[in-house]
Amino acid sequence: MALSARITRRIERDFRQEESATVAQLLEEVVKSVGRGSSIIEERVAAAVLLHSEGDADRFAQAADYAQQDWRDLLIDVQLAGEGWEQRIDDEFGKS
């Protein structure tokens, strides 16, 4: 799965230019490994990793590892697990 436009925009906004391509590539690998072909899960996990990262490369690496260990806990930690998660993603990343 290619990252959605809104996820890509957030990467470009949150990370330095020299980090953006690497972050995008690693994030694609993470979401592919945990999403199992579900675009909804993949975008949700990508959003969770980025929210947890807060634009910091070290936090990104931690969040990527965390997602691969148990992505559901990561969703809980960044408030994307319960009702209203779609609206939270829209609020944080835009509608598309």
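## Ser20, a buried residue of helix 2

In this predicted model, Ser20 counts as buried because its relative accessible area is 12%, and a residue is called buried when that value falls under 20%. Ser20 lies in helix 2. When residues up to four places away in sequence are left aside, Ser20 touches Ile11, Glu12 and Phe15.

## How helix 1 meets helix 2

Two of the residues touched by Ser20, namely Ile11 and Glu12, also appear in the contact between helix 1 and helix 2. Helix 1 covers residues 5-14 and helix 2 covers residues 17-35, and the two pack with their axes 9 Å apart, at an angle of about 140°. Helix 1 is therefore described as oblique to helix 2, since roughly antiparallel would require an angle over 145 degrees. In passing helix 2, helix 1 makes a right-handed crossing.

On the side of helix 1 the contact is made by Ile7, Ile11 and Glu12, while helix 2 contributes Ser20, Val23, Ala24 and Leu27. Sorted by character, the residues of this contact comprise five that are nonpolar, one that is polar and one that is charged.

## How helix 2 meets helix 4

Helix 2 also packs against helix 4, which spans residues 57-77, and here the axes come within 10 Å and cross at roughly 10°. Helix 2 is therefore roughly parallel to helix 4, because angles under 35 degrees are placed in that class.

From helix 2, the residues Glu19, Val23, Leu26, Leu27, Val30, Ser33 and Val34 take part, and they meet Ala57, Phe60, Ala64, Ala67, Gln68 and Trp71 of helix 4. The residues of this contact divide into 10 nonpolar, two polar and one charged. Val23 and Leu27 of helix 2 can be found in this contact, and they also belong to the contact that helix 2 makes with helix 1.

Another residue of helix 4 is Arg72, which is partly exposed because its relative accessible area is 49%. Arg72 stands 44 residues from Glu28 in sequence, and the C-alpha atoms of these two residues are 17 Å apart in space.

## Salt bridges

The structure contains 10 salt bridges. One of them joins Glu92 to Arg10, with 3.4 Å between the closest N and O atoms. This pair links distant parts of the chain, for Glu92 sits in helix 5 (residues 85-93) and Arg10 in helix 1, which places them 82 residues apart. The partners also have their own accessibility classes: Glu92 is partly exposed because its relative accessibility is 29%, whereas Arg10 is buried because its value is 9%. Both Arg10 and Glu92 belong to a network of salt bridges that also links Arg13, Asp14 and Arg88.

Two further pairs can be described. Glu19, which takes part in the contact of helix 2 with helix 4, forms a salt bridge with Arg16, and the closest N and O atoms of that pair are 3.3 Å apart. Glu19 counts as buried because its relative accessibility is 15%. In the other pair, the side chains of Lys95 and Asp90 meet in a salt bridge with an N to O distance of 3.9 Å, which lies within the 4 Å limit used for such a bridge. Lys95 is exposed because its relative accessible area is 64%, and the class begins over 50%.

Definitions and conventions:
Residues numbered from 1 in each chain as written. Predicted model: local features only at pLDDT ≥ 70, side-chain atom pairs only at ≥ 80, totals over all residues. Heavy atoms only, no water. Axes fitted to C-alpha atoms, helices over the stretch in contact; angles between N-to-C directions. Helix = DSSP H or I, 4+ residues; strand = E, 2+ residues; numbered from the N terminus. Parallel < 35°, antiparallel > 145°, perpendicular 65-115°, else oblique. Left-handed = near helix turned anticlockwise from the far one by under 90°. Contact = heavy atoms within 4.5 Å. Nonpolar A, V, L, I, M, F, W, Y, C, P; charged D, E, K, R; others polar. Buried < 20%, exposed > 50% of the residue type's maximum accessible area, 1.4 Å probe, protein only.
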